[in-house]
Amino acid sequence: MVVRGSPSAVGGTTCAHVLSELKELYRYRELLWTFVVRELRIRYKNSVLGFFWSILNPLVTVLVMTVVFKYVLGVRVPNYSAYLLAAYLPFMFFQLALLDSAQSILSQLPLLKKIYFPREILPIGSVIANFLHFILAMGVFFVYLLFVWWLNPGENPFRATVVALPMLIVFQFCLTLGLALFISALNTFYEDVKYLVSVGLYLLFFLCPILYFVEQVYAAIHAPDMSQAWQGPLFTAYNLNPIAMLLIGYRKLMLDPQPITVTRTGDVIETHNLPLDWGMLGIAGAVSVLVLLFGYAYFNSVKWKFVERP
Amino acid sequence: MSKPAILVEDLVKEFDVTHTGYASLKGKLLWWKSKRRERLRAVAGISFSVQPGECVGVVGKNGAGKSTLLGLLARVYKPTSGSMELNGRVAPLLELGAGFHPDLTGIENVFFNGVILGLTRKQVAERLEQIVEFSEIGDYVDAPVRTYSSGMLLRLGFSVAVHVDASILLVDEALAVGDIEFQRKCLRRIAEFQQRGGAILFVSHDMEAVRRAASRVIWMRSGCVEKDGDTEQVLRAYEQSGEHPVGD
């Protein structure tokens, strides 16, 4: 093997270059898998309940949220927990994967300074480890839906459109991985980034339809006192957030539509029930793939600089 | 002559040195303050080659560029200019804090280390018994590595590195740890490794260790090769130069 010097220590971004980087990554697939296994092992190494925590944690959170929203705030939605979980589980994957990967390069810097391996393995490994937890949690979620249906047989436990779920999961994986590559690289040089990310994720949680329904956003935007000219663009802007749109997709593909009733002044009652906007979902998918391409390109352009961090 | 294991030509590595010390968003935002950038030539155009079966010691005082050279050969850094040719698998010896995770057991860490050095999990499993036996860790292999002494960690790390069938071994400042018995075993193993055509490059401040193991020595001084040749000659010149504090 021959290595030649280049003055900038920056990788190229041509098509051939990207292809060779991908080939190199494939050559190291065994190491990637070892990293994933190691990550999973480390996380619950010293805890008694181990792997169950990744299930228990969202279940307890959702239980608390359900109690608060149903009995304290008086949200009247049948099977509210199911709607909560359908959006909360994917968001948890998004959040945990980004927080883990933000640290992935920095925490392994001593190793990076000793030996060569494709650096992208670290953030990719963090994302895959969290992805496996997510898939497991989704499995438990379906068991929960079947259990509710068995207790209370009526309609189907979930909708037939659930077959489109893998597509959504692929989109979310692309989006998460792209952001993870970008954030992990950036955090290596500027350690403020991980704090920015955790604040950003906290805000994003409320900007996404997790605790509430997208119909409620629609109703709020289309309130009589809102300027007509802004209503359309504002709602489109809300849907342009790819993670929000994907969460809307998760809910609407899996669960029955949930009509939301609002009472306006003068006893006008409106019921909103929006179908899934496939066009906006398509845009979210395209954005996710673009984010992945951009994140990967950025990561490759700086990865040789990690060890030279001043 | 056969193909060299390592062939280095005019290798240069420069680093950015900032005087503000630490990179942060703040540093970037106050960009007009960080204009005082300098380029440090850690390795300033060196050429040498190592033949299969050679064991080369690298000496020099701190900051002479020894570790950067090892990093370049381990492909941790991209060279600024020049070229290097590495024929065969390169195995850097991973030491405490780098390759091992404290919460995982010895065995789990052996797998991780083996795979990162280029083996498949299956190959590690096949060699597991040999690796553990050589390391003399015994029943501790199933205990978390944080319970190990530094000597045990070194033995395990060394044992993995010599069992991955590398043809080039890179050692940074490590051989001196462990008891006399284990050191002898390491030297035997290294001799075997050399006989099978493996090349070793090792950096050390321990002149006795270099004398025992190296068949040739490269003396580095501010990024350049000061002297390259027979162990005894180079070491004598190095010690006489006063760069190496006697009795260290």
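User: Before we start, what counts as a contact, and where do the helices and strands come from?
Analyst: Two residues are in contact if their C-beta atoms, placed from the backbone, lie within 7 Å. Helices (H or I, at least four residues) and strands (E, at least two) are DSSP runs, numbered from the N terminus. This is a predicted model, in which local features need pLDDT of at least 70, side-chain atom pairs count only at pLDDT 80 or more, and totals for chains, interfaces and linings use all residues. Residues are numbered from 1 along each chain as its sequence is written, while chains are lettered from A and ligands numbered from 1 in the order in which they are written.
User: How many residues does each chain bring to the contact?
Analyst: Chain A gives 33 residues and chain B gives 37 residues. On the chain A side, α2(A) provides the largest share, six residues.
User: Which strand of chain B pairs with β1(A)?
Analyst: Strand β4 (residues 81–86) of chain B does, antiparallel and over three bridges; strands pair if DSSP finds at least two bridges between them. There, R4(A) is opposite S83(B).
User: Now the sheet in chain B: what is the strand order?
Analyst: The open sheet of six strands runs β5-β6-β7-β3-β8-β9, with mixed pairing. Because β5 (90–92) and β9 (224–230) of chain B each have a single partner strand, one side of each lacks a neighbour in the sheet.
User: Are β6(B) and β7(B) parallel or antiparallel?
Analyst: They run parallel, joined by five bridges. L169(B) has I200(B) in β7(B) as its bridge partner.
User: Which strands does helix α8(B) lie across?
Analyst: Helix α8 (residues 231–240) crosses β3 (55–59), β8 (216–221) and β9 of chain B, at about 135 degrees to β9(B). Axes are lines fitted to C-alpha atoms, for helices over the stretch in contact, and angles run from 0 to 180 degrees between N-to-C directions.
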